[in-house]
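The following exercises ask you to read backbone geometry, burial and contacts from a pair of chains. Each task is followed by a solution that goes step by step.

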Amino acid sequence: MGIGAPDPIIDLKDVRFGYAERPILDGLNLTVPKGQILAVMGGSGSGKTSLLGLLGGRNKAWSGQVRVDGQDVGHLNRSQLYALRQRLGMLFQFGALFTDLTVFENVAFPYREQTDLPEAIIRDLVLMKLEAVGLRGAAPLMPSELSGGMARRVALARAIALDPMLMMYDEPFTGLDPISVGIIGRLIQRLNATFGMTSLIVTHDLNETLRIADRVVVISEGKVYRDMTPQDVRKSDDLFIRQFADGLPDGPVPFHYPAPPYAQQLIADHVSSS
Amino acid sequence: MSHLLNLIEALGAHVNRLLARLGLFARFSWSVLSVIGICIARFTLLVREIYFSGVRSLAIITVSGLFVGMVLAVQGYEVLQRFGSAESLGSLVALSLVRELGPVVAALLFAGRASSAVTAEIGLMRATEQLAAMDMMAINPLARIIAPRFMAAVVSMPILAVIFSSAGVIGAYLIGVQLIGIDDGAFWSQMQASVDFRIDVLNGLFKSLIFGIAVGLISVFEGYHAAPTAEGVSSATTRTVVTSSLSVLMLDFVLTVWMFRGLN
């Protein structure tokens, strides 16, 4: 960072992480300044969701440094980690609403658990957050009465309840109809600007992402493969980027799962059965 | 030879997995017990869970207790009358219920009715990332979700055992006194004379408290560690019922030997 440049809200240095013996992230470096909307893209199993886990302290890096707002997440004790998480928001892939609570109670949940605010103030705050996502009228409904897009918006209202500095979105567009995708995309953009947040979106939906993101990072083989603007992504002739952008079934990300040669396997099966 | 080696290897792997799971259970139990204070401070959460686990089990506990008491009266009378001591029916029924059947059958019914539901609920919360969402909101799911459900089992179990035994005594009274015609006074006075408060009632209550701790811990452990799939939740629910039932019966034997070893 140069003199006068804002401190990064996310700073990952040479991060290695994986499950069992298998590394997923292998020397990942990434810096995200405050206020930015960053889209993280990559194939399935490339470590995008693991990255969110590392930032929220749910995963622990094998090595390297994960800093969020200057704090080394891997070295925080439980109370320090929870203090940090109070300033983070996360939208889970399918919302993760509490199914035994109404929409109102879901959004009120962080206030009731984390603050000593009187119920009248909580009511006003909840209605304000629900108004921000356009669902004030749905306050008395149960999660089972909501469509997928509405549930995602309620979860978004709950995630921004305590005005987080960093919002993390795990596949926010998955399984939504085009109208809902547009609504969620615009909400992410508007909330980021209105509340002065920083947003990190893990997604496969290129069209909506390129419309709202300031920057796109593509992860491959555990590292940042490309770090570019949405305009660069549209113009790129990189085969990997084009496969993503054009939804091509085969390319650098192969269609076939690794297997022995097809003919060899068929002949071997035939020989063994005769 | 290779078959034998394979068998030994499989056995070793099985024992290894079992020990690892026992270790996980011990660590998890300690984590739950360490947040009990928070759970007690959030009394409304505890009351809500006692309602769902305990109060909603009242019907099955009461009806089962009534029928077990009735069966005890029929069977007991049939044996006692051969020795001319049918009046001891009250004593037989009360001791059977207070010492053994009340705590044990109530615990088995509780495991089937309430604990399986707790496991399924927690397992589904995990599968739908509700526990992860709570954790990311800096709210400890162990304190907010797990501990109240565990404590509800601990509080409910002795009360349910008392209700089961009381219903059983009433059932035996209906059959023994009202139907068969055993003397009313003899039925109650024999019971009063033979049931000791410390040896029988308190020991029975202590047993049900231990069963409550065991069943409560098993149900929340299985739910919390259920694989986040439909099959995972289903298996966890089955494991809760099977493990809880076996644990109750095994603990009952150990506690009975320990409590009544010096009495004869």
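**Exercise 1.** Locate Glu129(B) among the elements of chain B, and decide from its C-beta count whether Glu129(B) is buried or exposed.

*Solution.* In this predicted model, Glu129(B) sits in the loop that links helix 5 (89-127) to helix 6 (130-136) of chain B. The next step is the backbone: the phi of Glu129(B) is positive, about 65°, although the residue is not a glycine. For the burial, the cut-off is 20 or more other C-beta atoms within 10 Å. Glu129(B) has 20 other C-beta atoms within 10 Å, and therefore counts as buried.

**Exercise 2.** Carry out the parallel analysis for Ala20(A), stating where the residue lies, what its phi is and whether it is buried or exposed.

*Solution.* Ala20(A) belongs to the loop between strand 1 and strand 2 of chain A. These two strands form a hairpin with two residues between them, and Ala20(A) lies in the turn. Its phi is near 55°, again a positive value in a residue other than glycine. For the last step, a residue with 12 or fewer other C-beta atoms within 10 Å is exposed; Ala20(A) has 5 and is therefore exposed.

**Exercise 3.** Work out the order of the strands in the open sheet of chain A, and explain why one side of strand 2 and of strand 5 is left without a neighbour.

*Solution.* The sheet is an open one of four strands, in the order 2-1-4-5, with antiparallel pairing. Strand 2 (22-33) and strand 5 (71-72) of chain A are at the edges and have a single partner strand each, so one side of each has no neighbour in the sheet. In general, the strands of a sheet pair through backbone hydrogen bonds, in either a parallel or an antiparallel manner. Here strand 1 (residues 8-19) of chain A is joined to strand 2 of chain A by nine bridges, and the two run antiparallel. To follow the register along this pair, note that Val15(A) has Leu28(A) as its bridge partner in strand 2 of chain A, while Phe17(A) stands opposite Leu25(A) in strand 2 of chain A.

**Exercise 4.** Establish how helix 1 of chain A is placed against the strands, and why helix 1 is described as largely enclosed.

*Solution.* Begin with the packing: helix 1 of chain A lies across strand 1, strand 2 and strand 4 (63-68) of chain A, and runs at about 120° to strand 1 of chain A. Then consider the burial: six of the eight residues of helix 1 (residues 48-55) of chain A are buried, so the helix is largely enclosed by the rest of the structure. The buried residues are Lys48(A), Ser50(A), Leu51(A), Leu52(A), Leu54(A) and Leu55(A). After the helix comes Gly57(A), with a positive phi near 80°.

**Exercise 5.** Describe the side of chain A that touches chain B, giving its elements and the classes of its residues.

*Solution.* The contact involves 14 residues of chain A and 10 residues of chain B. On the side of chain A, the elements that give two or more residues are helix 2 (78-85), strand 6 (88-91) and helix 3 (103-114). Of these, helix 3 of chain A gives the most, with three residues. Sorted by class, this side of chain A has eight nonpolar, three polar and three charged residues.

**Exercise 6.** Summarise the build of chain B, from its helices to its two domains and the contact between them.

*Solution.* Chain B has 10 helices and zero strands, and of its 264 residues 45% count as buried. Its C-alpha atoms fill a box of roughly 65 × 60 × 35 Å along the principal axes. Among the contacts in chain B with a separation of 6 or more, 87% are between residues 24 or more positions apart. The chain is divided into domain 1 (1-34) and domain 2 (37-259), whose centres, taken over C-alpha atoms, are separated by 29 Å. Five residues from domain 1 and eight residues from domain 2 of chain B make up the contact. On the side of domain 1 there are three nonpolar, two polar and no charged residues.

Terms used: Residues numbered from 1 in each chain as written. Chains lettered and ligands numbered in written order. Predicted model: local features only at pLDDT ≥ 70, side-chain atom pairs only at ≥ 80, totals over all residues. Contact = placed C-beta atoms within 7 Å. Nonpolar A, V, L, I, M, F, W, Y, C, P; charged D, E, K, R; others polar. Pairing = 2+ DSSP bridges. Axes fitted to C-alpha atoms, helices over the stretch in contact; angles between N-to-C directions. Domains from an automatic or database assignment.
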